[in-house]
Structure formats: C-alpha cells, structure tokens
Amino acid sequence: MSPVVGKPVNRVDGPDKVTGAGRYCGEIVLPGLAYGLIVGSSIANGRVLSIDETAARAAGGVYGIMTHQNTPKIANQPHLIPSLAGQPAPGESFFPMQDDVVHYWGQPVALVVADSLEGAAHAAALLDITYEAGVPVATIEDGRSSAAEAQTLFGGLMPARDERGDVQGALAKAEVTVDATYHYAANHHNPLETGVTTAQWDGDRLTLWDSTMGVRASQLTVATLLGIPLSDVRVITHFVGGGFGSKAMVWPHVTLAAMAARHVGRPVRLTLTRPQSFTSNGHREEQEQQIRLGAGRDGRLTAIHHRKLSVTSPFDDWAEPATGVSTQIYGCDNYLGEHHLIHGNTLTPTFTRAPGESLGSFSLETAMDQLAYELGMDPIELRIMNHPPVDNHGNAWSSDGMADCLRRGAELFGWSGRDPTPGVREEGNNLIGTGVAGAGYPVAFMMPVQHARARIFNDGSVVVQTSAQEFGIGVTTSMAQVGADALGVDLDVLRFEAGDTDLPNTTSAVGSMGATMQSSAVHNAGTTLRNELIAHAVNDDKSPLHRLSPSSVRVEGGRMSSTLDPSIGESYADLLTRNRLLDLEALGSWTPPPIDTPHGLLTFGAQFAEVAVDKDLGLVRVRRMTGVFAPGRVLNPKLARSQLLGGMLWGLSQALLEGNQIDRQSGRWALNNLGEYLVPVHADIPDVQVEFVEVEDDVVGPLGVKGVGEVGQVGAAAAIANAVFHATGRRMTELPMTAEVVMNGGSPG
Amino acid sequence: MAINQSTAAAVTGVRGPQDVPVTLDVNGSTHAIELEPRVSLLDALREHLDLTGTKKGCDQGTCGACTVWMDGRRVLSCLTLAMSCEGHQIATIEGIAQDGRLHPMQQAFIDHDAFQCGYCTPGQIMSAIALIREGNATTDADIAEHMSGNICRCQAYPNIHAAIREVRDADDGG
Amino acid sequence: MRPVTFFRAGSIDEAVAAVSGHPDSAFLAGGTTEIDLLRLNVVQPTLLVDVNDLPLTYLEDIDDGGVRIGAMARMSDVARAQRIVERYPGMSQALLLGASEQLRNMASMGGNMCQRTRCAYFRDGQSPCNKREPGSGCAALTGVNRGHAVLGTSDHCIASHPSDVAVALVALDAVIRTIGPDGTRTIPIESFFLPPDDTPSVEHPLAHGELIVAIDVPAVPVARTSRYVKHRDRVSYEFALVSVFSAMRVDDAGNVAELRLALGGVGTVPWRAHRAEEALIGRPATPENFAAAADAEFADARTTPMNAFKVTFAKRAIVRELSEVTS
C-alpha cells in the first residue's frame with residue numbers, strides 16, 4: 001500500500017458527525033448532573049450594590065447560587081499568554097465574581113445551578129441585582145483621547161513596535177505615496193456550539209469536558225486558578241463545535257463550572273447562551289488602521305508605515321498583531337509598525353480566525369492596489385516585484401511560493417487581459433469588478449516540546465495518541481495518516497486517539513500550528529516505534545530479517561521486508577507474538593525551532609475575487625473567488641481544501657457582513673444573536689476555487705507542514721474590496737462594506 | 001357569537017406547570033416521559049431522551065442546528081414546545097440511518113467533506129433530505145436559497161451543495 | 001422562561017374561552033416569535049393555549065376571486081398554494097422571502113400578523129423600551145438603530161416592523177377576521193397595525209382572548225402581476241433593509257391606472273405607500289414621476305445618522321421596482 005499522507009482520505013470522525021453519535025462537551029451523561037447558568041452584568045462600568053436571591057431560591061429546583069459574596073477566591077491570577085505557548089492561558093488577566101466591581105457589560109456577576117435548564121434560566125432571571133453604574137468607555141470614538149502606544153503584545157511575547165530605517169524621511173522623498181485610514185468593526189467568532197464545560201469532582205480530582213481548542217491550556221489554567229495540582233485535573237474534549245479562536249484561550253466560565261460543581265456537590269454543565277457568547281470569550285476588537293506607502297515610479301516600495309489603534313480591556317494590553325505580514329511580505333528598507341491601545345469597558349479581545357493579519361493585510365493589500373493604480377502597474381506585477389527572497393531580518397524564507405501563487409491564481413481566475421479601468425463594466429443594475437490580493441500568515445514557533453505516543457499490539461493493530469483535539473480541522477484524520485505512514489501500517493489498523501490531557505502533551509492547535517506541531521510529534525513517535533521494531537527483528541535470530549542492516553529493512557502494510565528481496569520479511573504482529581510481547585510503544589517528541597530561528601517564516605497565498613455591486617443600492621455580491629496557497633506539505637488535500645475554502649469564505653464574511661458595535665449609552669454589544677449579527681448563509685456563497693502550489697520546507701518540521709487554518713482568510717476581504725473599487729471606482733476603507741458604506745462611503749481612488 | 005363565563009369555566013385539561021406525562025413519537029418509537037410544559041422539543045430530545053444528535057446552536061430560531069422533521073416537514077425544535085408535538089411524528093438525525101447503513105445523504109456529506117466541526121451537520125442533513133423531498137433542490141439557486149436556514153460557521157457550504165447535488169442526481173433520489 | 005401551564009385547545013370556542021378566562025395567558029400558534037420572546041423573558045404569560053390543532057389551515061375562495069386564508073395555515077403552504085401564486089404572486093414571493101423553510105413550515109398566517117419587532121432594545125429585556133415597558137423610554141432613539149424605522153415613528157418608539165407578508169397584505173387591503181369573547185369581528189388590515197404614537201406597547205386592536213381566525217384577501221385583479229422584492233445585507237434568511245411590494249397597471253396612454261405600493265423594513269408598521277400611490281395614479285409612468293412619488297412618500301421620514309441611508313435606498317428601490325414593472 002502506498003503512503004496515505006497526501007491522499008484525500010475521508011474524515012475518520014465522519015460517521016460520528018453525520019449520525020449525531022459524536023458526543024460534544026455539553027452532551028456528556030453523568031448521574032445527578034446539574035445545570036449552571038451565568039448571569040452577566042447589565043452595566044458596563046460600576047459596582048454591584050446588592051443581589052437579592054429570595055425569589056430565585058423560591059423558584060424551586062435551585063441547588064446553589066454563586067455571587068461575589070460566596071465565590072471562592074482564586075489561588076492565582078495567571079497573566080494572559082497565548083495558549084500555544086503551553087502556559088496557563090486565561091482569556092483575560094481577570095477573574096470575575098471576586099469583588100463587586102463591574103468592568104464590562106455581561107461580566108459574570110452570579111451563577112445559578114439548578115436541576116434543569118429551564119429552572120436555571122428562570123432562577124437567573126429572578127435574581128434581583130442592583131448596580132451603581134458609571135459612564136462606560138468602550139469605543140474608539142469614546143476613548144481616542146486616552147490612546148497610548150503599546151510596548152508589547154501577546155502577554156509580552158511580542159514587541160508592539162517594529163521599526164527600521166527612516167520611514168518619515170523615505171515618505172517625504174517618495175515619488176509616489178498612498179495614505180489611507182481604515183475603520184474595522186468588531187467581529188465575534190460565533191461557532192455553532194457556544195462555549196460549554198461539564199465539570200465533575202471525584203474527591204480532589206476534577207474532570208472537565210471542555211469545548212476547547214486546547215485541553216492542555218484548560219488544564220493548566222483551571223489548575224492554576226484553583227491552586228490544585230495539574231495531576232488532579234483531567235480535561236477531555238472529543239468533539240468541539242467550532243472555535244475560530246473563541247476557544248483558544250480559557251475563559252472564566254470554564255473555571256466557574258468547576259467551582260460550581262464543587263459548590264453544589266454535583267457534576268455541573270455550564271453552557272454559554274448565544275447572547276452570552278458575545279460577551280464571554282473575546283472578540284476581534286474594533287480597530288482603526290492607517291497605512292502610508294512610499295514608492296518610486298518604478299514601483300519599488302521605499303517606505304511602509306502601518307499603524308493600528310484599537311480598544312482593549314482594563315486588564316490587558318491585547319491587540320491582534322496587525323503588522324506581522326506588512327513588515328515582511330514586501331521588501332522595504334524603511335518600515336514602521338505600531339500599535340496603540342485604548343483601555344475601555346470591554347472584556348479582553350482575543351484571537352479571531354487569521355488574527356491580526358487578516359485586517360492588517362486588508363489595509364496593506366488595498367493600499368497596494370491603490371499604489372498599482374497610482375503607478376499604472378498591474379497589481380500582480382507590483383506585488384511580485386516587491387516580494388523579496390528574504391524576510392525583514394534578511395533570512396531566507398523557509399519556503400516561499402508567493403509569486404507562483406499569484407501567477408497560478410491569475411491563470412485560474414482569468415486575470416490576463418483585464419481592463420483596469422474602474423467603474424466601466426455594467427450588467428443590468430450591477431457594476432462588475434475583479435480584484436487581487438496577496439496573502440501571508442506567520443508560522444510562529446512559540447510552543448514547547450510536543451509529544452505523541454505510538455503503540456502497536458501483537459495483532460498488528462495500532463493506537464497513536466496525542467492530547468490534541470478535533471475542532472473541525474481534521475486532526476484525527478490527518479494524524480492517523482501521518483502515524484500510518486511513519487509506522488508503515490495501513491490506515492484501517494490504526495486508531496488515532498486525542499482530546500484528553502491523560503495523553504501525551506501537545507499545546508493548543510491554534511495559529512495554524514496544529515498540523516505542523518502534531519504531525520511532527522506523531523511522525524517521530526511512529527518512526528521511533530518502527531525503528532524499535534526493526535531493531536528487534538534484525539537482532540532476533542528467529543526473524544527472517546536477522547542480521548540485516550536496519551537501513552535495508554522497509555515496512556509496508558505492517559510487514560517488514562528486505563529492500564533487496566521483498567519476499568524476505570515478517571509482519572510486526574508475528575515478531576511481537578513470537579517474542580511474547582503483547583505490545584510495544586514509543587514516545588515521539590518534536591522540539592520546535594527557536595522563535596527567532598534564522599529563517600523567514602510565512603505561509604503564502606494569493607486571492608482573487610469578482611464582485612457585482614448594485615450601482616444604486618450599494619449591495620455587494622461576490623460572484624466567484626479563487627485562492628492559491630503554498631502551505632508546504634499537504635497532509636490531506638480534501639481536508640486542507642475545506643480549511644482554506646472556509647477561510648476564504650470567512651474573508652467574504654469579514655468583507656461584507658460581520659460587524660458589531662457597542663451601544664455607547666450602555667456599553668453593551670448592539671448585536672447579540674445570529675439573526676442580526678450576520679454570518680454567511682448558503683445563498684451568499686459564490687463559486688470558490690482552491691488550489692495549492694507545492695513548496696518543500698525542511699525548517700518547519702520533519703514533514704514540512706506549514707498550516708492552512710488562517711492563510712485562507714488573509715487577503716480575501718482585500719481582494720473583494722479591490723474588486724469593489726474596480727467595479728465602482730470607490731475605495732472601501734470600512735469593514736464590513738455594507739450597503740450604506742458602498743453607497744455613501746469610500747473615496748474616489 | 002359570544003362566549004359566556006360558563007364556557008370559560010368549562011375549560012379543562014390545563015396541564016402544568018409542574019412535570020406532566022407527555023408521550024412523544026420519535027423515530028418511530030413511543031416515549032412516555034414527564035416534562036414541564038415549558039420544555040422545548042429540542043431540550044426534550046437532548047436532556048430527557050438522550051438524543052443529542054439534534055444540536056442547540058442558538059435556541060432562538062436563527063441557526064437551524066436543531067432542525068428535525070415533524071410529520072415529515074422540517075421544523076426548528078428549539079421554538080417548538082415538546083407538548084405541542086403529542087400526536088405528531090418526530091424524526092431526528094438518529095433515525096436517518098437504517099439498519100446500520102448510512103442514508104445516501106449522510107454518505108455524500110462524508111464523501112464531499114461537507115462539514116468540519118460537525119455541529120451544524122445533523123441539521124444540515126435533516127434539511128438536505130427534506131429539501132429534495134420538497135422539490136426545492138432543482139437548481140443550484142434553489143438549493144442555496146432553501147438551505148439558507150442552516151448556518152455552517154465552518155463554511156462548508158460549497159461541499160454541502162455538492163453532496164446534495166449528488167444525492168439528488170442519484171437514481172434512487174436519496 | 002417562567003413556569004407555564006399548557007392547554008391544547010380542541011376548538012375555537014375552547015381556545016377563546018381559555019385565554020379570555022385567564023388574565024395572564026396567550027395563544028400559542030407556530031411559536032416562532034412567542035417561544036423566542038418567552039425564553040428572553042420579554043413576554044411572560046403563565047398559560048399558553050396551543051391553537052395548532054384548530055381547523056384553521058384552509059384556503060378558500062371568497063367573493064369573486066378573493067381568498068380566505070385560515071389563520072393556522074402555514075407560511076410555506078400559503079406561499080405555494082395555487083390560488084395565491086396565481087392571484088397574488090407578490091404575496092407568495094413575500095412569504096418565500098421571509099425567514100427560512102423551517103420557520104415557514106412552523107409559522108402561521110395569524111401568528112405572522114402578531115410578529116414582534118427585532119429591535120435589540122425590545123428584545124434584551126433590560127433597556128428602556130416603551131413597547132415592552134410603557135413609560136420606560138426608548139434606548140433605540142440614540143442607540144444603535146441601523147435597522148430601525150424611518151416612517152411612522154414617534155418620540156417613543158422607532159422599532160421597525162419585521163413582517164414581509166404583512167407588507168403584501170396591507171397593499172392588498174386584506175381584512176383580519178377574529179373571534180373573541182365578545183364575538184366575531186373584521187378589522188381592515190391598515191387599522192390592525194397600529195403605529196407607536198404614545199402607546200408603542202399597543203400594536204394591534206385585539207382584545208385579550210380575541211383570536212385571529214382568518215385573513216381575507218379581496219379580489220385585486222392588478223395583483224396578478226404583483227411583485228415583492230426584498231433587499232438585505234445577506235442574500236437570504238434576514239429581515240429586510242427595504243422591501244417593496246408593487247402591483248401596477250399602466251394604461252395605453254402610458255399613465256398609471258392602478259397602483260398598490262407597500263414597503264417593508266422602513267416603517268413601524270407594514271407601510272402602505274399611500275402618498276406615492278396618490279402622486280402617481282393618473283400620471284405618466286416615468287422614472288421622474290416614480291422618483292417624485294418616492295420623494296413624497298418619504299417627505300416626513302425621520303432618520304438617525306445610522307438609518308438615514310434607508311431613505312435614499314428605499315427611494316431608489318421604489319424607482320427601480322416601478323421602472324422594471326413598467327418595462
């Protein structure tokens with residue numbers, strides 16, 4: 001049997017998902033299960049004056065009510081650090097219900113536990129809570145005067161300012177300049193499954209079924225907050241109904257579920273309601289960005305100034321890093337990237353799919369399009385001309401592919417012969433336009449050593465394990481493929497187990513790093529076990545392979561054989577059985593390169609879109625999209641295509657539909673349901689074409705996998721906005737590009 | 001026609017608010033359970049019958065994850081009270097595969113990778129099968145419009161469309 | 001949701017008696033609005049009287065060419081009923097462009113007439129809202145109000161009416177038939193939807209316990225070519241930014257002989273565009289006159305910075321729709 005890595009294998013968890021048999025974290029059956037419900041504050045800034053529980057307790061079926069008056073004090077408040085780093089990873093450096101202060105609308109102020117969902121909801125509504133409310137500051141408009149430049153981002157892991165050369169001087173001297181300011185509305189992840197945690201105590205030991213993108217992050221965070229040993233906390237997560245960043249960090253409800261279970265002496269399931277999901281697990285923050293480009297008449301960039309202003313919480317200097325791509329995707333000696341923050345009455349923003357770079361690239365890639373018009377150049381050629389062979393530190397790319405993606409995309413999309421003149425293609429009530437954008441997403445080596453285990457039984461069946469969990473990225477499928485090839489067995493004898501902190505450690509599969517780091521550890525576990533088995537065989541005088549050099553033994557379908565004479569050999573099962581070994585196992589590990597590894601590390605792509613813009617009403621419909629990406633080794637093209645497709649359509653959503661704003665009087669998010677916070681429906685979906693450009697990469701791990709989770713979204717919204725310019729002649733500087741933005745907004749380019 | 005007070009007083013059969021016996025016909029089986037009247041069909045399925053294949057995505061009628069069939073028509077179980085379902089036939093995702101064999105639509109979803117996280121999938125499949133039965137799957141535009149009540153945040157939409165087209169075009173019609 | 005009692009009515013009399021005999025009760029039809037708002041604690045009846053079994057799912061002919069629609073007929077069935085498609089295609093389109101197929105399979109025609117606004121401040125159960133809690137104020141006036149109404153507003157409420165089919169029905173001069181504790185009555189549809197004025201909480205003239213049993217749609221020959229176009233951010237499954245129902249006949253001289261025009265998404269009630277109709281009837285069917293008529297309709301529009309675009313949007317949508325119908 002030939003290798004299965006690279007084959008379009010169907011998802012191994014498909015049958016569980018299409019039959020409804022798979023159990024998500026809110027579907028665990030436990031005797032005596034109670035239902036918890038958080039009560040969020042109805043003010044954004046102030047204090048809880050009183051909480052009268054009388055009516056709620058009288059409602060019947062209430063097991064317990066927690067407020068700041070009786071909630072246990074947390075043992076430690078860990079600081080916010082991305083979960084990928086493998087440390088406690090609270091979504092915010094704040095834990096609620098420790099005192100009476102309210103910092104943001106929807107902040108948990110009470111938690112009701114009852115014997116039914118309905119009973120908990122009713123009792124929660126009956127809590128009589130009074131507040132002393134102050135004036136909230138929660139928007140850029142309200143907080144602009146208090147903005148200050150951030151020093152570091154990501155819990156101190158990244159500098160917030162990135163400067164080289166002399167940007168001001170270069171801009172002053174530039175033959176051509178572009179200067180654009182953008183406003184982006186906040187986004188909410190809205191996975192179809194809201195955050196949910198089921199908590200059960202057995203003496204001092206805690207088991208959590210937590211809908212998380214990282215069981216290890218949940219374990220670390222909850223153990224730290226509660227002050228209990230890691231060995232006493234087990235987190236199990238077999239299915240996650242989508243995350244998109246909302247479950248990358250560990251938010252207060254997870255620990256509150258554990259506290260509630262202890263409080264009532266029963267297992268507790270705590271589910272965020274859909275409205276609560278807008279105020280409980282972060283969001284992509286409202287932001288303003290400015291891009292200034294300087295270039296020569298020949299199109300060479302001489303200066304890039306990229307500035308971001310956004311709103312964060314009172315507790316954390318959190319901003320999506322917006323300049324990680326603009327600093328390096330195009331070569332430029334004079335660069336300044338800076339992040340400014342307003343501390344306001346919101347919870348801490350968080351990762352949202354393609355964090356930072358999807359909007360950072362929107363600014364850069366629409367400005368590049370504008371520059372192409374200023375210069376009278378083709379926007380693809382402008383990008384290729386400026387794309388360097390090295391990153392901003394002068395390190396060669398671990399692998400590139402940018403120019404190939406742009407060229408291949410142009411071919412697929414039918415770019416050649418395009419008339420760049422804006423505003424001239426009319427079809428009925430519509431103006432038609434096409435646009436392109438480059439895409440890049442950083443490969444971030446901030447994770448610790450990753451582990452996996454491979455175990456073979458003497459009947460030839462295999463279990464491969466890591467603690468990683470499946471949340472739609474296809475990890476259980478692609479890791480089974482990697483394990484099967486590494487060990488040399490057929491896919492159908494191998495089971496991949498994941499989603500449990502009792503299994504070998506991996507960190508959260510976020511930032512598109514899941515496939516890279518897990519595949520590396522799984523590959524190493526599989527090859528280690530294979531090597532052990534071969535060593536057994538060649539040292540076993542009863543084996544037909546006795547005394548062969550290990551390097552002259554190959555394995556296929558679970559059978560070891562001589563590379564010179566395939567008829568000489570035996571199966572793993574025979575070897576183990578003969579030697580009275582019931583099983584054999586090996587731990588594999590992968591130590592990622594240092595975060596400052598001397599290589600340029602971006603995953604590249606190119607995005608194309610065609611739009612129809614209603615010339616009177618401003619409504620934009622995307623007709624087709626083409627994306628070409630160079631994500632290194634593709635473990636499973638069927639699943640990778642789905643990931644990239646999903647990312648591109650997230651880009652469409654970001655471009656046209658998604659946006660929320662805070663009501664300035666109350667400090668509350670104005671939209672809090674899927675009827676009004678719009679995400680695409682079936683009818684919004686255009687023809688989408690996805691293709692890969694092959695690049696080999698020997699830096700990012702033994703298999704050369706760079707990841708596909710984020711890059712599909714980067715540049716998609718910019719390609720759409722550039723197409724809207726091509727259609728209408730108006731530059732879009734606001735997201736989402738709603739009807740009124742297109743009708744009234746923008747500027748003649 | 002005036003309705004006098006004696007008629008009003010004659011109204012009997014008000015049930016609740018405490019648990020009352022309710023009989024539900026789900027996937028061809030009769031289930032006698034005790035429920036408060038305020039319990040939705042969705043919560044009755046998930047919390048009382050342990051049929052968790054039907055998903056709760058919003059509990060507000062805005063996402064379609066809770067789609068089931070009532071008397072063969074697709075409805076949202078989150079906005080349906082369980083007690084209103086007495087005397088009606090309910091079908092959920094757990095009843096779609098027959099004798100251990102996946103329904104062609106379930107297999108087509110797997111083959112076309114028509115899901116990622118899988119949480120909206122049962123609702124998508126319940127709608128997709130009904131869509132063909134309704135005659136709303138004739139054109140790509142029909143499929144897109146009449147599936148729009150089922151949100152997929154992973155954006156597996158193009159693959160869902162491919163799965164539906166395949167089943168529609170198969171000889172047995174799914 | 002607070003605990004409720006439940007009664008499944010076997011007859012109209014039983015249903016009316018059950019609700020009118022209990023001060024804190026409500027009819028439960030398709031449930032697509034009622035259950036949602038119950039769960040949000042926006043409405044809090046303690047007795048729900050389920051009317052889904054009532055024999056009110058019929059469609060039958062009335063007068064010479066009109067249709068009587070039973071109140072419990074489901075939106076999806078009405079939308080596809082042959083006599084609706086033939087006589088009132090714009091109404092069929094309005095039904096099919098509303099909500100999703102699942103919701104249309106549930107929602108009844110009578111229930112649709114009682115659909116509540118999507119105003120976030122109404123739905124949150126907390127903000128000042130004169131519709132939910134008379135006298136508490138209106139947070140929407142200065143809040144996030146992109147989706148709110150620009151016509152028929154008052155200083156007390158700017159919530160827009162969400163229904164699509166009701167827009168068609170006001171254009172068709174439908175009549176609501178009810179049975180209540182005091183007997184039967186008929187209510188012309190434009191008297192049924194009450195603008196907010198000083199009492200936003202009073203949305204229709206129904207007495208407690210008065211049940212909608214049917215909607216009469218009169219014969220409207222011009223409606224055989226009626227259309228409903230719905231504009232929204234996403235392509236489907238969204239409430240209207242602006243929608244337009246139109247039924248127009250242009251005579252041989254090129255003048256507008258008959259016109260029924262109504263708008264969704266812009267009014268506090270389903271909005272019959274009387275001024276536009278008056279401005280056009282008898283006048284040449286030209287884009288200039290359409291534009292003037294649209295201007296007339298929105299002359300008294302009251303806007304906020306966030307929803308002002310709806311005026312321009314709606315005017316353009318009207319002109320386009322009438323122009324397309326003419327051509």
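1. Salt bridges between the domains of chain B. In this predicted model, the count between domain 1 of chain B and domain 2 of chain B is 1 salt bridge, a salt bridge being a side-chain nitrogen of Lys or Arg within 4 Å of a carboxyl oxygen of Asp or Glu. The side chains of B:Arg74 and B:Glu134 meet in a salt bridge, with a distance of 2.8 Å from N to O. Polar contacts between domain 1 of chain B and domain 2 of chain B amount to 10 residue pairs, both residues at pLDDT 80 or more. A polar contact is a pair of N or O atoms within 3.5 Å; within protein, one must be able to donate a hydrogen and the other to accept it, and residues adjacent in sequence count only if both atoms are side-chain atoms. On the side of domain 1 of chain B that touches domain 2 of chain B, the largest share, 3 residues, comes from strand E3 (residues 67-70) of chain B. By class, this side of domain 1 of chain B has 6 nonpolar, 7 polar and 4 charged residues. Here Ala, Val, Leu, Ile, Met, Phe, Trp, Tyr, Cys and Pro count as nonpolar, Asp, Glu, Lys and Arg as charged, and the others, Gly among them, as polar.

2. Basis of the numbers. Residues are numbered from 1 along each chain as its sequence is written, and chains are lettered from A and ligands numbered from 1 in the order in which they are written. In this predicted model local features need pLDDT of at least 70, side-chain atom pairs count only at pLDDT 80 or more, and totals for chains, interfaces and linings use all residues, while side-chain values use heavy atoms, with hydrogens and water left out.

3. Domain layout and buried area in chain B. The domain assignment of chain B gives domain 1 (20-95) and domain 2 (104-169); such bounds come from an automatic or database domain assignment. Taken over C-alpha atoms, the centres of domain 1 of chain B and domain 2 of chain B are separated by 21 Å. Their contact (heavy atoms within 4.5 Å) takes 17 residues from domain 1 of chain B and 16 residues from domain 2 of chain B. The area buried between domain 1 and domain 2 of chain B is about 1300 Å², and carbon and sulfur atoms give 53% of this area. Buried area is the accessible area (1.4 Å probe) that two parts lose on being put together, summed over both. In domain 1 of chain B, the residues that lose the most area to domain 2 of chain B are B:Trp69, B:Arg74 and B:Ile93, together 49% of what that side buries.

4. Fold elements of chain B. Which order do the elements of chain B follow from the N terminus on? They run α-β-β-α-β-β-β-α-α-α-α, with 6 helices and 5 strands in chain B. Helices (H or I, at least four residues) and strands (E, at least two) are DSSP runs, numbered from the N terminus. The C-alpha trace of chain B spans about 60 × 40 × 30 Å along its principal axes.

5. Interface of chain A and chain B. The contact takes 57 residues from chain A and 49 residues from chain B. Chain A and chain B bury about 4200 Å² between them, with 56% of it on carbon and sulfur atoms. In chain A, A:Val18, A:Leu192 and A:His682 lose the most area to chain B, together 21% of what that side buries. Across this interface of chain A and chain B the rule finds 6 salt bridges. A:Glu27 forms a salt bridge with B:Lys55, the closest N and O atoms being 2.9 Å apart. Polar contacts across the interface of chain A and chain B comprise 29 residue pairs, both residues at pLDDT 80 or more. Helix H1 (14-19), helix H3 (117-126) and helix H14 (637-656) of chain A each supply at least two residues of the side that touches chain B; H14(A) gives the most, with 10 residues. The residues of this side of chain A divide into 23 nonpolar, 23 polar and 11 charged.

6. Domains of chain A. The domain assignment of chain A gives domain 1 (32-134 + 192-242 + 247-278), domain 2 (148-187 + 283-444 + 597-748) and domain 3 (448-590). The C-alpha centres of domain 1 and domain 2 of chain A lie 36 Å apart. The area buried between domain 1 of chain A and domain 2 of chain A is about 1900 Å², of which carbon and sulfur atoms give 72%. The count between these two domains of chain A is 0 salt bridges.
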